[in-house]
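Work through the exercises below with the coordinates open. Try each task before reading its solution.

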Amino acid sequence: MKKVSNISLQFLSSQYSGRGPCNITQVHAEVLSRYPGLVSQIAPVMKILQTCIHNGPPHPEDLTKLLDKFHGQLKPSVTLEAALNERTENQQNDQLAIVFNKEGGMDLLITLILSYVPYDSLSKAKFGMEIIHRTRRNADAMRIQKMCLVILRQLSILDPDCSLALSTCDPLLAHCFRLLKSTTLTETACDLIEHLLLSRNDLVQLDGFKRLSDVLQQLDDETLSQTYRVLSLAVSDVDECENRASLLAQRRQKLNTRINEMTISSLNRDYVVAIPGLLGKVLNYACSLPFVPRYPLPSTENEQWMAWIDENLSHNSHSFDTVGGFLQAVLEDVFRDELEMSSQVNMDTESYVADALELPSQLTRRVDALYLLSLLLTGSQRGKVQEILAKLGIGPLLSALFEQFLWKPSTTRHTTDHANQCNCSPEMILKIQLLRLVHNFCSHSTYKHVLLSYSEMDELKQLYTEFESSTGPNSVSSSSSSSASTSSGVGVTATLASLPYCTGGSGLLSKIIRVLKNVPTSSIFRFWLCRAVESWLRSSSQYGVADQLFVITRGLLQHIVHVLLESESAVEPSVVVGGVAGIARNNNGSLVSGPPREVAQSSFDLLGEMIRFNMEACRQLDILLPNEAKVSKYLEVVHGNLIDSNMFLRSVFLTMDHCMEGGSGGRFQQAAVFFPTSKFFSWFLHLRRRVCYLALLVSSISVDTLTLENVSCLNTALIILMLAARQGTLANCLKMLATATIEQLRLGPAGTEDRLGANKKRCLEPRHILSSLFQLLRFWRVHYQPGDQSCISLEKGSGIAFEEWIRTIDLLTSVDTTSPYSLLHYLPEDQSRIVQTWDIEMECN
């Protein structure tokens, strides 16, 4: 029989059999010699833990002191000497944690934790010393419980083996979820749950924990807010792919791994959404007012927070964790509905909650609340969550919170990694999360108009009436808008009329646009400000083009064009693929930074949504580019940022072709006159230039480098081919591409070809373009599956049915080399055979 060498197991064995060591001094010398200097630190803790498990804690104060001392040994010291020897200190802490875990200390802590059952309630008829005695005993147990949870979390941080063991301990995780109902332990339990979930390789299913829904419903708003981080981890999607940069690598990974995490996260989202009243509590907590700190004189957030710090330093003398304060918390936990009992104890709550830490903690939990709502808006329940939030008043609530934000950049210059004028403050992440929530709420939403005020809704309806009456029955709008108008009609109007809108003259959308027009170009917020407005425009609406005109009348079209022109006014086009922000030379020859890629991408995407299927917006864009110099400069920006501007190019091609194709109404006649005579849009009518765009887009990607970010380039290239097929010029387009030279595939306005030589460097030879396009289209057929949200987005954004996408791809990838519509027709016979043998499924395997 193998001799037990684990100290903890030897102790347990001696208690059952009567043979073996009864204390640390009786352990064999060989065991003690394994860890010289460390046994003396863990021995007292191990001994008292054994005693507590079998006999109960005779002296809970002694146990508390030992646990607190041991926790102090695990934590790195904050002294100057320790800071100078940080590496040595960390190594000692790690070794102590490893020894404690190997000798069974972690198992003892878990056993002690699981043996604790807090009082859910006490008899309301018994008031007196018995209640106080039992409450104090419960307080002692809860204090020990809290210290054990803290130590376990610290051990898992220091010892990877401990972290792995804890993450697979389902009873511990279930017990931590049960502890959520004890308000004094909620925060500590949430910290450990968060660590356990992050350490696991899979998601946990929330409905597997008994009465969790009831517990979450019983918690008050402040206590419930501590669980938002845990819920966010449970409902977030788990991306198993090791290489997130490549869609091909992701597909390979998914074919050989489990795929149930997405299902579990979806089930968890359904579970959270179904908890009665939870969404309302989360939304109300995130948007609760008053919003502090706010003082009348300081004008920037940095100045506001400095004033708040100065004020709190003057009277920050409260202790953090006194016995009276902890007992008061327990009393409130046990007698939640007995306010008289709490008042009889007469204890000051400020003695255990420091004001100086409460406000930043609340701000962080606001961020957690907004993030949780954003995640719930990304799943299969998106439509239901959007409806619930709209009825709960998400528009006016977010608008009121947004009104509290200060967007004026700080006058104090400071160096940051992200922007020179970011106005860093504790509220920065809160702003970004609010804008992200707006983006997700508006995505494919029929309730987006709750972000407007009542007067703005009247303005929108007036724009819709004027536009429809001026254009007649042949007006062109996006397919998504048209379908929403015909399918929803009166039903959508009746639903929207009963929803709460923003109060005051300006709604949330107008406030976002106003801030977008005033923040610096380098602001870190610009990307999400643009994304929020873009998502609002992209959503289906019965008002169609009137939505775009509503945004344009607020000067946003003019502002975006100005930003794109001015950001490149003195910078030569970058030679980097996709126009990634780099270093260029200005007119004086000195080095200057190009525009941030986020600015270019978000601006072009927003501009594309403003003009899509809207000839009036195209007219206004043409007015902003009144001469050849402006047009040339703007085209330089487009070509220098080809990947980032491809969505704008897609809108240009779709809008012109949709407005000019077929029909004999007034709108089509106006389009037939406007686009050919426009200084800007006439550039895109020539088939040769469309072929150049096709060549450059395909040259910028490949199957191996295709990502979620640049797959839009493939879709834009495919739209060029589909529009050519509609017009009967597909064969000419492919022939022109196959017979062109690299020199002929250059792009640039008249007189600027020499300055745009970068395009020549990143364009492949025609035969390589054709073979690469063949492989990309084969991958497209596997990547996009009918019914997926990505396919629905393609249909709505392009106005082209998914069947036509499939039909065009099958035509282009046909193995019939005699067909002038097949890419193989234009390749040499030997290369054609090689390309035909390429199979995406074989490539993935």
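**Exercise 1.** Is arginine 538 buried, partly exposed or exposed?

*Solution.* The model is predicted, so local features need pLDDT of at least 70, side-chain atom pairs count only at pLDDT 80 or more, and totals for chains, interfaces and linings use all residues. Residues are numbered from 1 along each chain as its sequence is written, and side-chain values use heavy atoms, with hydrogens and water left out.

Step 1. Set the classes: buried is under 20% relative accessible area, exposed is over 50%, and partly exposed lies in between (1.4 Å probe, protein chains only).

Step 2. Arginine 538 has a relative accessible area of 27%, so arginine 538 is partly exposed.

Step 3. Look at its partner. Arginine 538 forms a salt bridge with glutamate 534, at 2.9 Å from N to O. A salt bridge is a side-chain nitrogen of Lys or Arg within 4 Å of a carboxyl oxygen of Asp or Glu. Glutamate 534 has a relative accessible area of 6%, so glutamate 534 is buried.

Step 4. Place the pair. Both residues lie in helix 29 (residues 526–538), four residues apart, about one turn of the helix. Helices are DSSP runs (H or I, at least four residues), numbered from the N terminus.

**Exercise 2.** Find the salt-bridge partner of aspartate 657 and place both residues.

*Solution.* Step 1. The partner is arginine 690, with the closest N and O atoms 2.9 Å apart.

Step 2. The pair joins distant parts of the chain: aspartate 657 is in helix 35 (residues 642–660) and arginine 690 is in helix 37, 33 residues apart. Helix 37 spans residues 687–699.

Step 3. Both aspartate 657 and arginine 690 are buried. For arginine 690 the relative accessible area is 7%.

Step 4. List the surroundings. Not counting residues up to four places away in sequence, arginine 690 touches several residues, including Phe653, Met656, Phe684 and Ile720. Contact means heavy atoms within 4.5 Å.

**Exercise 3.** Which residues are linked with Arg229 in a network of salt bridges?

*Solution.* Step 1. The network links Arg229 with Asp191, Glu194 and Asp368.

Step 2. Take one pair. Arginine 229 and glutamate 194 bridge with their closest N and O atoms 2.5 Å apart. Arginine 229 is in helix 14 (residues 228–235) and glutamate 194 in helix 11 (residues 186–199), 35 residues apart.

Step 3. Compare exposure. Arginine 229 is partly exposed at 26%, whereas glutamate 194 is buried at 19%.

Step 4. Check the total. The whole structure has 21 salt bridges.

Notes. Helices (H or I, at least four residues) and strands (E, at least two) are DSSP runs, numbered from the N terminus.
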